[in-house]
There are 2 protein chains.
Amino acid sequence: MKQSIVVMKFGGTSLRDAERVKNAAQRIVSSKSQGNRVVVVVSAPGDMTDELLKRAQSIAEDPDGRELDILLATGEQVSIALMCMAIKNFGVEAISLTGPQAGIQTDDVHTKARIRTVKPKKLLSELNKGRIVVVAGFQGLNTRDDIVTLGRGGSDLTAVALAAALKAEICEIYTDVAGVFTTDPRLESEAQKIDQISYDEMLELAGSGSQIMQARSIEVAKKFGVKIHVRSSMELMKKGTIIANAVKDLEAPVVTGVSYEKNEAKISISGVPDRPGVAAAIFGALAQDAINIDMIIQSAAENAENDISFTVARGDLKRALLSLESIRIKLGAKKIESEDRVAKISIVGVGMRGHSGVAAKMFTILARAGVNIEMISTSEIKISVVVEESDGLKTLRLLHKAFGLGKKR
Amino acid sequence: MKQSIVVMKFGGTSLRDAERVKNAAQRIVSSKSQGNRVVVVVSAPGDMTDELLKRAQSIAEDPDGRELDILLATGEQVSIALMCMAIKNFGVEAISLTGPQAGIQTDDVHTKARIRTVKPKKLLSELNKGRIVVVAGFQGLNTRDDIVTLGRGGSDLTAVALAAALKAEICEIYTDVAGVFTTDPRLESEAQKIDQISYDEMLELAGSGSQIMQARSIEVAKKFGVKIHVRSSMELMKKGTIIANAVKDLEAPVVTGVSYEKNEAKISISGVPDRPGVAAAIFGALAQDAINIDMIIQSAAENAENDISFTVARGDLKRALLSLESIRIKLGAKKIESEDRVAKISIVGVGMRGHSGVAAKMFTILARAGVNIEMISTSEIKISVVVEESDGLKTLRLLHKAFGLGKKR
């Protein structure tokens, strides 16, 4: 009988110093001794990637993408070597592979390449020799045989992609938090760890400011049905959160989590002529200035005029307003207003699909508490509201409690 | 007509910070604009290699060789990326290649691999596109497709090997000294830069403590007739020292340089039975304990007994004496004496070949100055003496002057 394959991914904070590397190695060795075939994926140690970036910028303001990738890829290469040394110190066979050696093949976009395919032949042959294989996350080989990096969240992506290619039993993401919580425990002490969450819910949480995993890794995991276990690298015995397909459980809670994003700003353009191409003109101008838009709301036309509101990161507000002024004149819109202190709160849950009245309940709760809702946006499994930042935390806690997410449930 | 190829090698101190990288890049760009096809070889920046080694040792006392190579190779990979960014900032096309990408193929000995062959196909194709090619020194690919490092002086070796494979016009070694001197200018202010020196003389100087280039690179340069130019990375216009075949010049100076090694210790074993295998037993035991021997002198047999003297690094003296005591008993030798404060001074020059009396002149000078010579060893182009360390500097200066190496010549 073949042993099942486990992918274990360790992030930069878990590799910051020798002590942590040894701890992670112990954990890896113990998983192997439980009878698993173990593949380890590591990020660069600590803040090495940031330091390398700084080094590049001290030489060239806008460094060449190919060379930047060659530079940044050294971070993970340092980690695989150190991790293998630590594992071998326990008397267990291990071998390190760079992303290219592990068969991660990508497209040709430097600094944010996408994985095209994984050819795990060498990796499997090393596993079959009974070795633990340690793979450099965040990197791969492009069609020109150049090393490339995968952009933000790249190491998680490597782990999920390898788990998919190897049909791993599970992809364990070791992190400095105990798992995914109903809301940020630093903001609400009542927050509870979620035992299991669906890919879709996790995607909505990822999009709404949950910092644990980037959406792209979760999307790949969903596509290939890779079961993810987000867990603490410090607390050895505790289970974290399983991300998998939605459980068919009639009694699943309606709402799984509440997410919170501050540092948002809201912009409203009123009196926009109601004709095709207007939205394209506005958001095209902002995109050209590299300003990311979050929520967009357009009210129904009235007197052949629209009001368009949207949110941007607070740091982008000034630039956005500058960029919009010329567009306003061009379009003949009436005025632009902005508010720089708003927060976005979202409730997320697949349970919403089968329950009506979730939105109504949410709005009633906020109304009773005197919270003014400035914007609303909904998806099938998420409802987001924008409120004044001063109401943000109160809103978060009210919703967390009202939907039964607190510790007492 | 094909442009000639120039190999330019920059060491760690020339790459320590952004400013120095930019300076080196400017120099490289200027060589290219003079009509050369330019290949650059770089070491790891500053003391990065030492830092990586320390990191490895904080995790494993005796780190695995394969993993250590993967770790150490990141240093030069950082340098090639930064150097390319700096060159491109001048608007000149450049591309970085790791040792494996540059076609440096080695044997399988990790951390001190030897180059087997160079396959410069990709390198040449990039040169032919008009690009400056920046190659990571100190590293190559072994027969198992693993990255390996070449050990001490590895980057010089990469530069010389590439110059040989590419039939480069010259291999420029940029360093923090202005060239090769008649003796160490920190010890003798009269020391003069040597304009041209033969491979053999340079080899003897390298073996006698000159820190500029390791013997292995010079040996390869000699074998393939690679002309080397050792020059300062700071003083842009000044010529350094050319290392090439001996000039056929009747008036070449008899002595080219004087080298000085302190931190030596001398060991004498007296009353050693005069029978075959004795020397093998003594030096075999020392080799097994990884103690390097420098000069060895055995006096003529007298009463079927020999005296054997040799020098070791002072730091190895204690271990050497321990290791020798059991051998002495086994061989029935009479006694072991040691002196821990000696220095070795050598005069080097191909001119000696055609001149008799050089040794006699040397000994006469020392005798007149009251310097006691403890050991003598000669080769065809070198005469070395061991003296008390307190006499070392005086000896150096006397010889430097007597053989006409001072500034006034």
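Hi everyone, this is a short talk on how two chains sit together and on one sheet in chain A. Please keep in mind that the model is predicted.

Let's start with the pair. In general, a rotation about an axis and a shift along it relate two copies of a chain. Here, a turn of 179° with a shift of 0.1 Å along the axis lays chain A on chain B, and the RMSD is 0.2 Å. The two copies are thus related as by a two-fold rotation axis. If you want to find that axis on the screen, look for T74(A): its C-alpha is the one in chain A nearest the axis, at 2.7 Å.

And which surface does each copy use? Of the interface residues of chain A, 100% are also interface residues in chain B, so the copies meet through the same surface.

Now to the sheet. In chain A, 6 strands make an open, antiparallel sheet, and the order is β14-β15-β13-β16-β18-β17. The edges belong to β14 (293-298) and β17 (373-379) of chain A; each has a single partner strand, so one side of each has no neighbour in the sheet. From one strand to the next, the twist averages 30°.

Let's look at one edge. β14(A) pairs with β15 (residues 305-313) of chain A over 4 bridges, in the antiparallel sense. Here Q298(A) has I308(A), in β15(A), as its bridge partner.

Finally, the helices. Helix α6 (residues 199-207) of chain A packs on the sheet, where it touches β13, β16, β17 and β18 of chain A, and its direction makes about 150° with that of β16(A). Helix α11 (residues 389-402) of chain A lies across β13, β16 and β18 of chain A, at about 20° to β16(A).

Thanks for listening!

How values were computed
Residues numbered from 1 in each chain as written. Chains lettered and ligands numbered in written order. Predicted model: local features only at pLDDT ≥ 70, side-chain atom pairs only at ≥ 80, totals over all residues. Least-squares fit on C-alpha atoms with pLDDT ≥ 70 in both. Contact = placed C-beta atoms within 7 Å. Pairing = 2+ DSSP bridges. Helix = DSSP H or I, 4+ residues; strand = E, 2+ residues; numbered from the N terminus. Axes fitted to C-alpha atoms, helices over the stretch in contact; angles between N-to-C directions.
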